[in-house]
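Q: Can you walk me through this one? I'd like the basics, please.
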Amino acid sequence: MTPLTPTLEQPFNGEVADAEEAKALGAEYVRAAGKVIASHVRNELAGAAVFDEPAIALAPGPKDKWLACRIAMEEYGHHLKFTKLAIELGLDDPTAGPILSVFDYELRSWPEFAVLKAIVDLAEVVLMEELSSCTYLPLRNLATTLLPEERFHVSFGKRRSLELVADPAAAPLVAEAVERLVPFTLPFFGRSVSANNELFRRWGIKTHTNDDSRAAFIRRSQRFVVDELGLPFPEVGVRWDGGPA
Amino acid sequence: MSPFTALESWYAVDLAGRDLATGRDPSSGGAASPAGALAAAPVVTWPPAVLSAGGRRRRLGAALGAGGDAVEQLLDRLVARPSATALDVASLATATPTGPADLPLSVVGLAEGVARSAGVDPSWLAAVDQRRAAARPLLVAAGRSEELEAALHVAMLVATEVLDPVADADVDAHIASGAQLWLLGAAVAWALAAGGTDHPFAPWAELVSAGLWPVGPSCGQLVVAVVAPR
């Protein structure tokens with residue numbers, strides 16, 4: 001069988017049913033799917049540990065405490081579901097790679113958590129929406145399954161942020177969190193010049209460049225911050241080449 | 001030291017002995033202890049067990065050591081979802097994690113339970129939180145951190161699914177589910193620490209298993225919400 005050599009101009013657009021088919025397609029396809037899966041394995045766990053678990057203690061009342069608890073469990077559950085895909089694909093140790101810089105963060109207040117869910121989880125939604133049409137069906141199906149939960153997290157964050165920004169005592173904390181979190185989220189999408197992204201697009205794991213995804217996130221988060229919260233949006237660019245955004 | 005000596009690989013398996021991670025016979029990898037194998041399982045089918053490379057099989061309860069049977073029974077009831085009508089709800093509800101509550105019982109629907117949770121005394125909730133957190137240091141001091149992590153991991157894998165809100169956008173259902181998960185986590189840790197079912201969170205864990213959410217004392221009543229009517 002002639003090996004497939006997809007290009008950016010003519011990417012692979014088939015459907016790969018399972019790990020066996022992925023392996024039959026070749027090591028490069030497994031590497032492409034595996035890198036995206038492993039990244040989610042690490043980052044879902046880091047998100048649950050760095051953001052969601054601390055938020056349970058920061059919650060101002062019982063309702064928010066329980067919601068934070070449920071959200072933390074869901075994020076941990078996402079980590080485990082991606083771990084299962086990693087094992088099926090035979091990835092060595094999906095937890096061994098680097099954690100995104102966005103997780104190098106100390107959660108300080110409940111308003112910050114609310115904004116974080118509205119903004120950082122929106123980045124996750126943008127990425128998962130793209131994966132919900134990827135060529136590797138187990139990954140596509142998982143992303144489709146998890147999207148409603150991620151969207152719930154975003155809607156929770158938006159609702160709470162809107163309530164808090166209407167409270168004169170909490171509004172400055174919301175504004176500060178927006179200023180802090182938008183730039184922190186941009187590296188989530190990867191570098192503007194990225195060999196990995198090209199690999200993903202050649203094999204149909206992703207369809208957008210990192211900058212395209214980042215631009216979509218900026219558009220959507222800006223709409224929320226400016227139109228709904230009535231706050232200024234930090235000056236950020238679509239390009240990111242490493243370092244602080 | 002666990003009664004199951006190291007130097008042997010352990011795998012978390014289903015009833016048929018298939019690796020929970022792969023759905024196939026255990027082959028490569030494995031963990032150095034039964035608890036380690038359980039803690040590494042990305043999914044759980046009920047009831048899970050562990051299998052050594054040498055063919056020794058242990059139930060979940062045995063793999064977790066002292067109190068493990070109580071954890072297994074607790075989760076078994078959660079999966080079975082017994083009817084609340086079979087329980088003495090009043091007796092269980094008044095046996096709160098901070099001690100007996102001499103208050104009239106008020107069993108309400110989910111929406112009212114969420115509304116009344118806002119009236120729960122913060123100092124009482126803080127006392128529950130403190131009691132909840134007290135199990136971990138006991139287990140750590142006893143050298144049982146690994147068993148604790150394994151028990152919580154399995155419990156959350158099972159409970160997150162069982163207590164999954166039916167509608168993804170239902171905020172009230174998410175609140176109740178979060179509260180139930182929080183209580184179950186405490187019950188699991190305490191079952192291990194106490195070595196059985198005689199611990200502060202056991203009665204409320206019974207209620208959770210039956211689809212109830214013990215909200216707590218609110219406006220002079222002990223509120224229990226019906227989350228999943230059976």
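A: Start with a definition: helices (H or I, at least four residues) and strands (E, at least two) are DSSP runs, numbered from the N terminus. Read along its sequence, chain A then runs α-α-α-α-α-α-α-α. This is a predicted model, where local features need pLDDT of at least 70, side-chain atom pairs count only at pLDDT 80 or more, and totals for chains, interfaces and linings use all residues. Residues are numbered from 1 along each chain as its sequence is written, and chains are lettered from A and ligands numbered from 1 in the order in which they are written.

Q: How many helices and strands does chain A have?
A: Chain A has 8 helices and 0 strands.

Q: What about its radius of gyration?
A: Chain A has 18 Å, which agrees with the value near 18 Å for a compact globule of 245 residues. The radius is taken over C-alpha atoms, and the globule rule is 2.2 Å times the number of residues to the power 0.38.

Q: And what box do the C-alpha atoms fill?
A: Roughly 65 × 35 × 25 Å, along the principal axes.

Q: New topic. How many residues does each chain bring to the contact?
A: Chain A brings 19 residues and chain B brings 21. Two residues are in contact if their C-beta atoms, placed from the backbone, lie within 7 Å.

Q: Which helix of chain A gives the most there?
A: α3(A), with 15 residues on the side that touches chain B. Both α3 (62–88) and α5 (137–165) of chain A supply at least two residues each.
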